Amino acid sequence: MLAKINKSEVCSKTSDNQLFDNLITFEELLKMLKHQYSKTTVYRWIYREGMPHKKIKEKSWFPKGEVAQWLVRN
């Protein structure tokens, strides 16, 4: 039998924005890269070279810290 999850318990353990504090949008990523790279290049990094990202509701989100580390390594 599955345990019931109380929404108030989950919300009290994490702030509302905590889950998204470190995530940036595609446009914010391009700004972070100072528009030195095209969208096509970023898509290539995602799909061919494994740039860290998450898909949430058909939109790409990037964990800022992980992306910064990935860029230094690659």
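**Exercise 1.** In this predicted model, find which residues Trp 70 is in contact with, leaving aside neighbours within four places in sequence.

*Solution.* Start at Trp 70 and skip everything within four places of it in sequence; what remains is Trp 45, Glu 49, Gly 50, Met 51 and Pro 52. Next, look at the core: Trp 70, Trp 45 and Met 51 are among the 12 residues of the largest nonpolar core, as are Ile 24, Phe 26 and Phe 62. Finally, ask which helices feed that core: H2, H3 (39–47) and H4 (64–73) each supply at least two of its residues.

**Exercise 2.** Work out how strand E3 is paired, and with which strands.

*Solution.* Take E1 to begin with: E1 and E3 pair in the antiparallel sense, over three bridges. Now go to E2 (residues 54–56): three bridges join E2 to E3, and these two also run antiparallel. On the E2 side, Ile 56 stands opposite Lys 59 of E3. The hairpin of E2 and E3 has two residues between the strands, and there Lys 57 takes a positive phi near 50°. As for cover, four of the five residues of E3 (59–63) are buried.

**Exercise 3.** Decide whether Thr 25 is buried or exposed, and find its partner in E3.

*Solution.* Place the residue: Thr 25 lies in strand E1, residues 23–25. Check its relative accessible area: the value is 15%, and the cut-off for buried is under 20%, so Thr 25 is buried. Then look across the pairing, where Thr 25 stands opposite Trp 61. Beyond its sequence neighbours within four places, Thr 25 is in contact with Lys 59, Ser 60, Trp 61 and Phe 62.

**Exercise 4.** Classify the aromatic pair of Tyr 43 and Tyr 47, and say how exposed each residue is.

*Solution.* You need two numbers here, because a ring pair is described by the distance of the centres and the angle of the planes. For Tyr 43 and Tyr 47 these are 6.4 Å centre to centre and 10° between the planes. Planes under 30 degrees apart count as stacked, so this pair is stacked. Now the spacing: the two tyrosines sit four residues apart in helix H3, so about one helical turn separates them. For exposure, Tyr 43 is partly exposed at 39% relative accessibility, while Tyr 47 has 53% and is exposed. Last, zoom out: the structure holds five aromatic pairs, and ring pairs link Phe 26, Tyr 43, Tyr 47 and Phe 62 into a cluster.

Terms used: Residues are numbered from 1 along each chain as its sequence is written. This is a predicted model: local features need pLDDT of at least 70, side-chain atom pairs count only at pLDDT 80 or more; totals for chains, interfaces and linings use all residues. Side-chain values use heavy atoms; hydrogens and water are left out. Buried means under 20% relative accessible area, exposed over 50%, partly exposed in between (1.4 Å probe, protein chains only). Contact means heavy atoms within 4.5 Å. A nonpolar core is a set of buried Ala, Val, Leu, Ile, Met, Phe, Trp, Tyr and Cys residues joined through side-chain atoms within 4.5 Å. Two strands pair if DSSP finds at least two bridges between them. Rings of Phe, Tyr and Trp (its six-membered ring) pair if their centres lie within 6.5 Å; planes under 30 degrees apart count as stacked, over 60 as edge-to-face and the rest as tilted.
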